[in-house]
Amino acid sequence: MTLPSLLELTPAQEAVVTLPFDGRYLVTGAPGSGKTVTAVYRAWALATTGRSTALVTHANLLSQRTAHVSAHLSEGIRITTFHRWLRALWTDNFGCAPPSDDANEWSYDWAAMLERCLDNPPNRVHDLVIDEGQELHPGFYRLCRFLVDRITVFADEHLGIDEGQTNLEALGRTLKTTGDPLLLSGNRRSTREIARLAETFEVRPPTDLEGLPERTGDKAVLLRCQHPEAFLAQLSQFIAAHPDHRVGIICRSTELQREIHRQLAGRGHATTVESYVSSDINRSVVDFSTHRVHIIHTASMKGMDFDAVFVPDLDAYTEDPTGASARRRFHVLCTRARSALYLVHYDRREPEIVADVPQSLLERRRI
């Protein structure tokens, strides 16, 4: 993610940034439509009034990345994760951690929290901007009536509803948003070729060609490797040959993250590569200013973007390729890439998720 200047915002983005300060607004858009960029500028605009403003994301990695790219705008804005923000607010008002349900301490008892707020209304929060708002529980938005004066929620219009998520209709109804949702359209992140590939995994009908990016580049590559060493050699060469590229390696297991990190460090990239593992205290903070190759888990990929993306374990995508959740996940995965996308597999047969994608959209290579 890069932060354009105010003059580079689209008319739709500018319309969101300049919304009236008072009110509750819902902003939707597909991956790559510029929601996070617009959220940063919306938070900045609210902060210019001198009121306390928080920009909240569901994922820790996205919060860190957002803080990094918006450092010059962040005076007066608290950029944090949802869990940190909610727990701090609850502690300040009630002197204890939020009540949790039987699952774990990060799974909240929303009914008990709502009852507590009704009995003892907490101090109001002035301004709140939420990115990836579909990831938050419906119970949170019911609480917002008692917590927040002014709120702008950015949410992905394409994502299905997993447990703990909130669909857009319910979000707007529960929050009682002002007017209809505002739409940020198009994919402003990827090249035309990558955007066309990503569209093949959309659950709803794909956009027409007029809605695709103007920027062009190479097709995505399906790379069949005979051995992991062949892939690692190719990856190492790519990193060395593209010193100006921010590279994302997106894995489905932390074990593979650690192994690829170890292998790349042994090939001379120790000062360039960094892994993010949310459950590892030694790898839960990322330095975006000094590292340009990031090995992350699919659970942390939403909101992130890289010049080049490598998916080193395509054989692990064994879900029914016609299922909505599998297609949505792969759509998000493809749209993390700005200019280059490499999908790596080892089996002789192509993984079903990409087997029917034509050569015109996905180039096949072997090493």
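For residue classes, Ala, Val, Leu, Ile, Met, Phe, Trp, Tyr, Cys and Pro are taken as nonpolar, Asp, Glu, Lys and Arg as charged, and the others, Gly among them, as polar. The model is a predicted one, so to speak with cut-offs attached: local features need pLDDT of at least 70, side-chain atom pairs count only at pLDDT 80 or more, and totals for chains, interfaces and linings use all residues. Residues are numbered from 1 along each chain as its sequence is written, and side-chain values use heavy atoms, with hydrogens and water left out.

First, the overall picture. The protein has 12 helices and 13 strands, where helices (H or I, at least four residues) and strands (E, at least two) are DSSP runs numbered from the N terminus. The C-alpha trace spans about 65 × 45 × 40 Å along its principal axes. A compact globule of 367 residues would have a radius of gyration near 21 Å, and the protein agrees because its own value is 21 Å; the radius is taken over C-alpha atoms, and the globule rule is 2.2 Å times the number of residues to the power 0.38.

Now for the sheets. One is an open sheet of 6 strands in the order S3-S2-S4-S5-S1-S6, with parallel pairing; two strands pair if DSSP finds at least two bridges between them. Its edges are strand S3 (77–81) and strand S6 (182–184), each pairing on one side only, and the twist averages 20° from one strand to the next. Strand S1 (residues 24–29) runs parallel to S6 and is joined to it by 3 bridges, with valine 27 partnered by leucine 182 of S6. Helix H4 (residues 82–94) lies across strand S2 (53–57), S3 and strand S4 (125–131), at about 110° to S3. Here contact means heavy atoms within 4.5 Å, while axes are lines fitted to C-alpha atoms, for helices over the stretch in contact, and angles run from 0 to 180 degrees between N-to-C directions.

An open sheet of 7 strands, also with parallel pairing, goes S9-S10-S8-S11-S12-S7-S13. Strand S9 (273–275) and strand S13 (362–366) sit at the edges with a single partner strand each, so one side of each has no neighbour in the sheet. Neighbouring strands of this sheet are turned by 20° against each other on average, direction ignored. Between strand S11 (residues 306–311) and strand S12 (residues 337–345), which run parallel, there are 5 bridges; phenylalanine 310 has tyrosine 342 of S12 as its bridge partner. Helix H8 (residues 192–199) lies across strand S7 (220–224), S12 and S13, at about 55° to S12.

That leaves the empty space. On a 1 Å grid over the protein atoms alone, a cavity is a set of points where a 1.4 Å probe fits but cannot get out, and a pocket is an open set with protein on both sides within 12 Å along at least five of seven lines; lining residues have an atom within 4 Å of a point. Grid points are joined across faces, edges and corners, and a volume is the space filled by probe spheres set on the points. The whole structure yields 1 cavity of 30 Å³ or more. The largest cavity is lined by Tyr317, Glu319, Ala326, Arg329 and Ile353, that is, 3 nonpolar, no polar and 2 charged residues. The second largest pocket holds about 450 Å³, and of its 25 lining residues Gly32, Ser33, Gly34, Val37 and Arg188 are the closest to its centre.
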